[in-house]
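Here are some questions and answers on one protein chain. Read each question, look for the answer yourself, then compare.

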Amino acid sequence: MTKSLSVARATRMSGIAMGLLAVIVIVMALAPYWAGRAELRLFGEIFLYMALASLWNLLAGYAGLVSVGQQAYVGFGGYMFFALAILWGVHPLAAIPLAGLLGALIAAPVAVLIFRLRGAYFAIGTWVMAEVFRLSFAQFSALGGGSGTSLPVDIVKSLADGRAAREAAAYWLALGVVVAVVGLVYAYLRSSRGVALTAIRDNELAAKSLGIDIWRAKFTVYVVTGGLTALVGALIFLQKLRISPDAAFSVNDWTAFVIFIVVIGGIGTLEGPILGTLVYFALRETLADLGSAYLIALGVLAILIMLKAPKGLWGLVRARSGAELFPLSRRVRGLDD
């Protein structure tokens, strides 16, 4: 008897993984009731880096736009959040999405400008734009100029009543953002636009011959990524309660470490940035007391992974087990599987 076949994305393993992921999100949502202040701050930082890594991975791993200047949008989002809250009296909870919207708006003309560049020139162009942003905000005297400014106490208190409630609110915002970012990236990659983006990544010439508008696809991803990165930036500096040009537009903090996370986790996969973030923070918490040796250890690890597992840790896992926690590829299987 001929076995019936079907084409599907989901597998038994991905179904179990999704269920487990939902349980983890629920447990983490309850963290303010079982974790201490230090743990909440660490968890919040992990979530925000995970969101940044997922966005950079979408930009570079799928759209092929290798940017070393995403700190431009982290800093822009942080400064817009402070400007909206301090100068224009917008409530912090409303200022966060508005900062993201402004980030998307500023990303559009930036994209038109730097999309004239290709390859290494594009990467350098993104870094130059980030420096332009940094120097521009250093002249913004209303927010402290080069020395920066702190978020006023009355604005901080307007977020919630009591310190514990404010810290819990900041934590829940970070958790909500990473869930939303990963979910949006997943939904986008499963859509027809995501398929087009994957085709562009695999072979741009072939994708163009199939009628895919390459410029428009990359432009959309760049603008969306810029806006969401700015939103994450607003949350980062809400947690820090202080902003300055050097901190806001730090290439090390918001781009170099993010690239490291994506590379060791697995570029071009949804699971890679998540795994890479967990590995990075495990190393940071374990080796941070070693001083400069900590950075050397990160560099050595990155080199070893690039040599031994070019597709990252998750690529190694997937090659050996075929696991795909976020089902994107289609598989042919029997109806009774």
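A residue is called buried under 20% relative accessible area, exposed over 50%, and partly exposed in between. The model is predicted.

Q: Does E45 count as buried, partly exposed or exposed?
A: The relative accessibility of E45 is 25%. Buried means under 20% and exposed means over 50%. E45 therefore counts as partly exposed.

Q: With which residue does E45 form a salt bridge, and how far apart are the closest N and O atoms?
A: Side chains of opposite charge can pair when their charged atoms come close. The partner of E45 is R284, and the closest N and O atoms are 2.8 Å apart.

Q: In which helices do R284 and E45 lie, and how many residues apart in sequence are the parts that the pair ties together?
A: The salt bridge joins R284 to E45. R284 is in helix 13 and E45 is in helix 2, so the parts tied together are separated in sequence by 239 residues.

Q: Is R284 buried or exposed?
A: The relative accessible area of R284 is 16%. The cut-off for buried is under 20%. R284 is therefore buried.

Q: How far apart are the C-alpha atoms of R284 and L295?
A: L295 has its place in helix 14 and is partly exposed, with a relative accessible area of 48%. Along the chain, L295 and R284 are 11 residues apart. Their C-alpha atoms are separated by 9.2 Å.

Q: Which salt bridge does R134 form with a residue of helix 5?
A: Helix 5 covers residues 120-138, and both E131 and R134 lie in it. They are three residues apart, about one turn of the helix. In an α-helix, residues three or four places apart point the same way, because there are 3.6 residues a turn. The N to O distance is 3.0 Å, and the partner of R134 is E131.

Q: How many residues apart in sequence are the parts that R134 and D246 tie together?
A: The side chains of R134 and D246 meet in a salt bridge, 3.5 Å from N to O. R134 lies in helix 5 and D246 in helix 11 (residues 245-248), so the pair ties together parts whose separation in sequence is 112 residues.

Q: Which of the words buried, partly exposed and exposed fits D246?
A: D246 has 54% relative accessibility. The cut-off for exposed is over 50%. D246 therefore counts as exposed.

Q: Where is L52, and is it buried or exposed?
A: L52 has its place in helix 2, residues 37-62. Apart from neighbours within four places in sequence, L52 is in contact with V74, T229, V232, I236, W254 and V258. At 4% relative accessibility, L52 counts as buried.

Q: Why are G312, W314 and G315 on the same side of helix 15?
A: In helix 15 (residues 312-321), G312, W314 and G315 are buried. The arc they cover around the axis is only 105 degrees, which puts them on the same side of helix 15. What covers the buried residues of this helix includes helix 12 (251-265), helix 13 (271-287) and helix 14 (292-308).

Q: What is the phi of L241?
A: Most residues other than glycine have a negative phi. L241 is in the loop between helix 10 (214-240) and strand 3 (242-243). L241 is not a glycine, yet its phi is positive, at about 65 degrees.

Q: Which helix gives the most to the nonpolar patch?
A: The patch is made by L20, V23, I24, I26, V27, L30, Y33, W34 and W172, and its area is about 950 Å². One of these, L30, has its place in the loop between helix 1 and helix 2 and is partly exposed at 46% relative accessibility. With five residues, the helix that gives the most is helix 1 (residues 12-29).

Q: What is the radius of gyration of the chain?
A: The chain has 15 helices and four strands. For 337 residues, a compact globule would have a radius of gyration near 20 Å. The value for the chain agrees with this: 21 Å.

Terms used: Residues are numbered from 1 along each chain as its sequence is written. This is a predicted model: local features need pLDDT of at least 70, side-chain atom pairs count only at pLDDT 80 or more; totals for chains, interfaces and linings use all residues. Side-chain values use heavy atoms; hydrogens and water are left out. Buried means under 20% relative accessible area, exposed over 50%, partly exposed in between (1.4 Å probe, protein chains only). Helices (H or I, at least four residues) and strands (E, at least two) are DSSP runs, numbered from the N terminus. The arc is that of the directions from the helix axis to the C-beta atoms. Contact means heavy atoms within 4.5 Å. Patches are made of residues with over 30% relative accessible area and no salt bridge: like charges are joined within 9 Å, nonpolar side chains (Val, Leu, Ile, Met, Phe, Trp, Tyr) within 5 Å. Accessible areas come from the Shrake-Rupley method with a 1.4 Å probe; for residues, only the protein chains shown count as cover. A salt bridge is a side-chain nitrogen of Lys or Arg within 4 Å of a carboxyl oxygen of Asp or Glu. The radius of gyration is taken over C-alpha atoms; the globule rule is 2.2 Å times the number of residues to the power 0.38.
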